[in-house]
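Got the viewer open? Load the model, keep the selection box handy, and follow along stop by stop.

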Amino acid sequence: MGGCCLLALASWISPRLAMIVMWLFTDRLALAFDSFLAAAVGFVLLPWTSVIYALVYSPATKVSWLGWMFVAFGLFLDLSSWFGGGNKGREYYVAEYR
């Protein structure tokens, strides 16, 4: 129970911190990802997607359709963090400096 709360707190702060906590205290990343390279690329480029994929992955059944829905939501979070900041920055710049 305490590990689950620690992971939830870490993912609330940062998905990369959650991946570090999972790597240190559980074997979820080793089960979910076949290679270190896949986990490292996920850590750098798509942290929310990687965290959610590691949480919904099961060695017996892989990822269910509901799990893929959560992974898609993680991808949405990653893409919105990549592309959403530019729009807000432009809106701030136009409103502030005109």
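Select Thr-49 and Asp-78 first: their side chains make a polar contact at 2.6 Å. A polar contact here is a pair of N or O atoms within 3.5 Å; within protein, one must be able to donate a hydrogen and the other to accept it, and residues adjacent in sequence count only if both atoms are side-chain atoms. Before going on, note that this is a predicted model, where local features need pLDDT of at least 70 and side-chain atom pairs count only at pLDDT 80 or more, while totals for chains, interfaces and linings use all residues. Residues are numbered from 1 along each chain as its sequence is written, and side-chain values use heavy atoms, with hydrogens and water left out.

**Around Thr-49**

Stay on Thr-49, which lies in helix α5. Helices (H or I, at least four residues) and strands (E, at least two) are DSSP runs, numbered from the N terminus. Is Thr-49 buried or exposed? At 13% relative accessibility, Thr-49 counts as buried; the cut-offs are under 20% relative accessible area for buried, over 50% for exposed, and partly exposed in between (1.4 Å probe, protein chains only).

Now show what Thr-49 touches. Not counting residues up to four places away in sequence, the list is Val-71, Gly-74, Leu-75 and Asp-78. Contact means heavy atoms within 4.5 Å.

Pick Leu-75 from that set. Leu-75 sits in helix α6 and, at 35% relative accessibility, counts as partly exposed. Run a distance from its C-alpha to that of Thr-49: you should get 5.1 Å, for two residues 26 apart in sequence. With residues up to four places away in sequence left out, Leu-75 touches Leu-46 and Thr-49.

**Along α5**

Select the whole of α5, residues 47–56. Of its 10 residues, 7 are buried, so α5 is largely enclosed by the rest of the structure. To colour the buried ones, choose Pro-47, Thr-49, Ser-50, Val-51, Ile-52, Tyr-53 and Ala-54.

Zoom in on Ser-50, another residue of α5. Its relative accessibility is 6%, so Ser-50 counts as buried. Look for the polar atom of the Ser-50 side chain that lies 2.9 Å from the backbone oxygen of Leu-46. Setting aside neighbours within four places in sequence, Ser-50 is in contact with Met-19, Phe-33, Gly-42 and Phe-43.

Then hop over to Ala-38, in helix α4 (residues 36–45). Ala-38 is partly exposed at 36% relative accessibility. From Ala-38 to Ser-50, the C-alpha atoms are 9.2 Å apart, and the two residues are 12 apart in sequence.

**α2 against α5**

Add helix α2 (residues 15–25) to the selection. How do α2 and α5 pack, and at what angle? The angle is about 35 degrees, with the axes 8 Å apart. Axes are lines fitted to C-alpha atoms, for helices over the stretch in contact, and angles run from 0 to 180 degrees between N-to-C directions. The crossing of α2 and α5 is left-handed, meaning that the near helix is turned anticlockwise from the far one by less than a right angle.

For the contact itself, show Pro-15, Arg-16, Ala-18, Met-19 and Met-22 on α2, and Pro-47, Trp-48, Ser-50, Val-51, Ala-54 and Leu-55 on α5.

**The loop after α5**

Next, move to Lys-62, in the loop between α5 and α6 (65–97). Check its backbone: phi is positive, about 60 degrees, although Lys-62 is not a glycine. Most residues other than glycine have a negative phi. Lys-62 counts as partly exposed, at 47% relative accessibility.

Click on Val-63, in the loop between α5 and α6 as well. At 12% relative accessibility, Val-63 counts as buried. Leaving aside neighbours within four places in sequence, Val-63 is in contact with Tyr-53, Val-56, Tyr-57 and Trp-68. The C-alpha atoms of Val-63 and Tyr-53 are separated by 8.1 Å, with their positions 10 residues apart along the chain.

**Zoom out**

Finish with the whole protein chain in cartoon view. How many helices and strands are there? The count is 6 helices and 0 strands, and along the sequence the pattern reads α-α-α-α-α-α. Buried residues make up 27% of the 98 residues. Among contacts between residues at least 6 apart in sequence, 49% join residues at least 24 apart.
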